[in-house]
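Hi everyone, thanks for coming. Today I'd like to walk you through one protein chain, and please stop me whenever a term is unfamiliar.

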Amino acid sequence: MIENNVFFGVDYYPEHWPRDRWDTDAILMKEAGFDAVRMGEFSWAKMEPELNHFCFEWLDDAISILKSYGLKVVLGTPTAAPPAWIIEGNPEILPVNELGIRMGFGGRHHVCMSNKSYREHIIRFVNEIAEHYRDNDAVIGWQIDNELGNSHKELCMCENCQSGFQEWLKNKYKTIQKLNESYGTVFWSQTYSDFHQIPAPKVTPNSHNPSLLLDWKRFCSDLIIDFQQMQIDIIRSICPDKFITHNFMGFYDKSDYFNLAKNLDFVSHDQYPSGFWLEDPAVTPSSELAANLDFIEGLKDKPFWILEQQAGPTGWEIMGKTPRPGQLRLWTAQSIAHGADAVFYFRWRTCLFGTEQYWHGILPHSGIPGRRYDEIKKTISELHPVMQKIRGVKNRSDVAILFSYDQNWAFQIQPHHPDLNYTKQLIKYYAYFYERNIPVDFISYESDFSEYRLLIAPLQFLSDEDIALKFKTYVKNGGNLIMTMRTGVKDENNVCFSESQLPGPFSELLGIEILDYDCFLKLSVQVTIGDKILGKAQKWCDIINLNFAKAIAFYDEEFYKGTPAVTVNAYGKGDAYYIGFEPDERLMNGIMDIISTNCHIEPILKSQKGVEIVQRVAADGKCYFALNHSDKAVRIMPNTEWKRILGSDVLDPYDIAVFYESIK
Ligand code: GLA
Ligand code: ZN
């Protein structure tokens, strides 16, 4: 982490307000306790109103006002909104959708990331802005673009992107014969005689080849990473002393975030507990909010920044619920507890015009500070000292969940069950631990599995011998592994294995074979342990034969009544568990209680439902956060060794408390 004294910041758009308001804004920001602002990420037209006519004076002016009040600046490259004059000169920058229709100007993210003219404009512009601010010590860092991949159902499918895809495939498969074999293009006469025949997956009368679809998603991910890298290279060479980050979006799926994170100094994240419009429930469950934060922390295995923390009611055309008194403070504390080293709120003042007139900032339209300003000011004064203790240090958990973009994409292409969702299944496992105040890390295939006592690797649909070996080594050396339904089904090209029974390369490790299965359309099946019904298997059922494994639970209905539903296999020094379905909440609790006990997984502290207890390690101790997500007052029973630094043992609705334990 590049050291600086930024803990709290706010997203500020001086270009939306008259010049004579800027001082007032800076004074109010300083009074609230802010250290920094993020700005510039959508103001290309104002910075360069025509080709090579650069107007940074207004921005210099705003930065110098902010600086005079001690505020630092993070600048965004404004490449997510190329101005109308660029589009007029190069209309082919506008993206083509899956129907083959070129989309129009008038929103943002209206771009084809492979377009050469667009990239040339970016190279020109980013060089210029980086040179302009290289020696400005108020500018401490850069945000590349904004939420890369956002706004697109699919990335652009223009001719140019299609050729890029064909090149990418040529690089991967070398010969067209190899691609044909890998995809199984003999099916439906899809055999290609040259790479130039391969389509971007536009809408067809029915479905595309699943292997092609998976490669398209990988290609789009690589394109986003390459697009970001182009800007990182320029900024790093001109401004080596300033940090470079990007604002990620939790489990958003257009690029492999582990790879997108690699060349950034640290990742940042945008956290909106009320989400977008028309979402149900109105506020995302707190377990899911926590999962997003832990996932982001896992990307680089270190703390991160929040560059957009919700500051008011969200909404574009339709509006969400206003945050209840205390919720902004609670959500800020949750972000910090799960690894944020700095929190910036989106946005300073609610805009009077444009698409986001109702996406509320800290200040209302009038600019007069009110309830939200007061709450955030209080939050900053309370949490600033806490953050000083914990900054830069990441928690290490005993439990990890493996996240894989390839698996996620493969299940988007073929969900099997209409409601099966890879990320949601992972979050269900996460939620079990969350509800018990047991910390969880999210990791990738590249992580060191051996650091964890329990590893949960759901839906390992695609695999190969190398991946299987990594799992085997982990368990053999004493690790405990949970695998779930639809594991070991396909190779990395999204083609089914044929050499062995399911679960393919994992059969030996799991000590089972799956000879039959059942997709639960409008069906769920009871599962028992001993003679007790534990709950229901949902969405899918693997009908399991035991080789070396032992059964822990059994199906209690259908023609497979009495056959194993959950198994465990002792392998080397560890245990490999298999769950042949997606459990409902009761069943999840029943199964995971058994496994957690076997693995000696302990909670940080027991608490009532709705109260989250999180720990963050500090250099010389640990901070514990108690977060009441419920609308009722609750009592907590903190550990006697914990020293209270904030709050009390009775938490009001949405209230927080913080404790500290020194390492003796
Ligand atoms: C995203 C963007 C912001 C803003 C908010 C609200 O997180 O990064 O620019 O648009 O959503 O819509
Ligand atoms: Zn394109």
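I'll begin with the whole chain and then turn to a few of its strands.

One thing to keep in mind as we go: this is a predicted model.

So, what is the chain made of? Its secondary structure comes to 17 helices and 27 strands. The radius of gyration is 26 Å, and the globule rule gives 26 Å for 664 residues, so the chain is as compact as a globular protein of that length. If you prefer to think in terms of a box, the C-alpha trace spans about 75 × 70 × 40 Å along its principal axes.

Next, the inside and the outside. How many of the residues count as buried? Of the 664 residues, 60% do; here buried means under 20% relative accessible area. As for the outside, the chain exposes about 25900 Å², with carbon and sulfur atoms supplying 52% of that area.

The charges come next. There are 66 positive and 88 negative ones in the chain, and the mean positions of these two groups are 4 Å apart.

How about contacts along the sequence? Take the contacts between residues at least 6 apart in sequence: 72% of them join residues at least 24 apart.

Now let's look at a sheet. Please find the open sheet of 10 strands, where the pairing is mixed. Reading across, the order is S11-S10-S12-S13-S20-S19-S18-S15-S16-S21. Which strands sit at the edges? They are strand S11, residues 440-443, and strand S21, residues 582-583, and each of them pairs on one side only.

Within that order you can spot S15 beside S16. Strand S15 covers residues 525-529 and strand S16 covers residues 532-538; the two run antiparallel and are joined by 5 bridges. To see one of the pairs, click on Gln526, whose bridge partner in S16 is Lys536.

My last stop is strand S4, residues 139-143. Is S4 mostly covered or uncovered? It is mostly covered, as 5 of its 5 residues are buried.

Which strands pair with S4? One of them is strand S3, residues 72-76, which pairs with S4 in the parallel sense over 4 bridges. Another is strand S5, residues 243-245, which also runs parallel to S4 and is joined to it by 3 bridges.

A good residue to highlight here is Gly141 in S4. Val74 stands opposite Gly141, and Gly141 also stands opposite Phe243 in S5.

That's my tour, and I'm happy to take questions.

Notes:
Residues numbered from 1 in each chain as written. Chains lettered and ligands numbered in written order. Predicted model: local features only at pLDDT ≥ 70, side-chain atom pairs only at ≥ 80, totals over all residues. Heavy atoms only, no water. Rg over C-alpha atoms; globule rule 2.2 N^0.38 Å. Buried < 20%, exposed > 50% of the residue type's maximum accessible area, 1.4 Å probe, protein only. Contact = heavy atoms within 4.5 Å. Areas by Shrake-Rupley, 256 points an atom, 1.4 Å probe, with all protein chains shown as cover. Lys, Arg positive; Asp, Glu negative; His and termini not counted. Charge placed at Lys NZ, Arg CZ, Asp CG, Glu CD. Pairing = 2+ DSSP bridges.
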